[in-house]
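Reader: I would like to learn how the words used for a protein model are justified. Could you take me through the reasoning, term by term?

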Amino acid sequence: MAIVKKRNEQTESRLLLEGDDPIELPPAEIEDRAVLVQFDQFKPFVGELLEELRDGTIAEPVAVMNDGSTFAIHGDTRTFWVKLWHAAGTEMTKIDRAQVISCLPSTQGVQVVVEDYSDDRLVDD
């Protein structure tokens, strides 16, 4: 018996954002309830993600996920790892669903300075 994949009308109306390079996202409509979080501890930060998506932002692929559909969205204080589904035919100006996979304190603009100890030598007497 052959397996027949049934078409889902709701799925066809949503397009999963995919890509290997950063993608410029235009300002988009997104409802608060359209955001799903992997863990409850991410909920207090959802407003920052919504602000970024509504203003337009850059979505950077998360290389370690290796799936082509998980992107980093940088906010003022947090970096969100998300999957985004846009409404079909809206040129990415309406987001139907955003799934937050991770939410990390932002490290953008942080500079790490490592001292060079290459001239220091241990001397045995």
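Author: Let us begin with exposure: a residue is called exposed when its relative accessible area is over 50%, buried when that area is under 20%, and partly exposed in between. The model shown here is a predicted one.

Reader: What makes Asn66 exposed or buried in these terms?

Author: The relative accessible area of Asn66 is 72%, and the cut-off for exposed is over 50%, so Asn66 is called exposed. Asn66 belongs to the loop that runs between β4 (57-61) and β5 (71-74), and its phi is near 55°, which is a positive value in a residue other than glycine.

Reader: How do you know which class Met92 belongs to?

Author: Met92 has a relative accessible area of 27%, and because this value is neither under 20% nor over 50%, Met92 counts as partly exposed. Its place is the loop between β6 (78-87) and β7 (95-105), and Met92, too, has a positive phi, near 65°.

Reader: Where do these loops fit into the whole chain, and how many helices and strands are there?

Author: The protein chain has two helices and seven strands, and, read from the N terminus, the elements follow the order α-β-β-β-α-β-β-β-β. Of its 125 residues, 34% count as buried.

Reader: Why are Phe39 and Phe42 called an aromatic pair, and what makes the pair edge-to-face?

Author: The structure holds one aromatic pair. The ring centres of Phe39 and Phe42 are 5.7 Å apart, with 85° between the planes; centres within 6.5 Å make a pair and planes over 60 degrees apart make it edge-to-face, so both words apply. As for the surroundings of the two residues, Phe42 is buried because its relative accessible area of 8% is under 20%, whereas Phe39, at 43%, is partly exposed.

Reader: Why is Arg54 said to form a salt bridge with Asp32?

Author: The closest N and O atoms of Arg54 and Asp32 are 2.7 Å apart, and a salt bridge asks for a side-chain nitrogen of Lys or Arg within 4 Å of a carboxyl oxygen of Asp or Glu, so the pair qualifies. This pair links distant parts of the chain, for Arg54 is in helix α2 (residues 46-55) and Asp32 is in the loop between β2 (23-25) and β3 (35-37), 22 residues apart. Arg54 is partly exposed, with a relative accessible area of 36%.

Reader: What makes the contact between Lys83 and Asp67 a salt bridge, and is Lys83 buried or exposed?

Author: The side chains of Lys83 and Asp67 meet at 2.6 Å, N to O, which is within 4 Å, and therefore the term salt bridge holds. Here again distant parts of the chain are linked, with Lys83 in strand β6 and Asp67 in the loop between β4 and β5, 16 residues apart. Lys83 has 15% relative accessibility, so Lys83 counts as buried, while Asp67, at 33%, counts as partly exposed.

Reader: How many salt bridges are found in the whole structure, and which residues are linked in a network?

Author: A search of the whole structure finds six, and Arg14, Lys94 and Asp96 are linked in a network of salt bridges. Another salt bridge joins the side chains of Lys43 and Asp40, at 3.4 Å from N to O, and both of these residues are exposed.

Methods: Residues are numbered from 1 along each chain as its sequence is written. This is a predicted model: local features need pLDDT of at least 70, side-chain atom pairs count only at pLDDT 80 or more; totals for chains, interfaces and linings use all residues. Side-chain values use heavy atoms; hydrogens and water are left out. Helices (H or I, at least four residues) and strands (E, at least two) are DSSP runs, numbered from the N terminus. Buried means under 20% relative accessible area, exposed over 50%, partly exposed in between (1.4 Å probe, protein chains only). Rings of Phe, Tyr and Trp (its six-membered ring) pair if their centres lie within 6.5 Å; planes under 30 degrees apart count as stacked, over 60 as edge-to-face and the rest as tilted.
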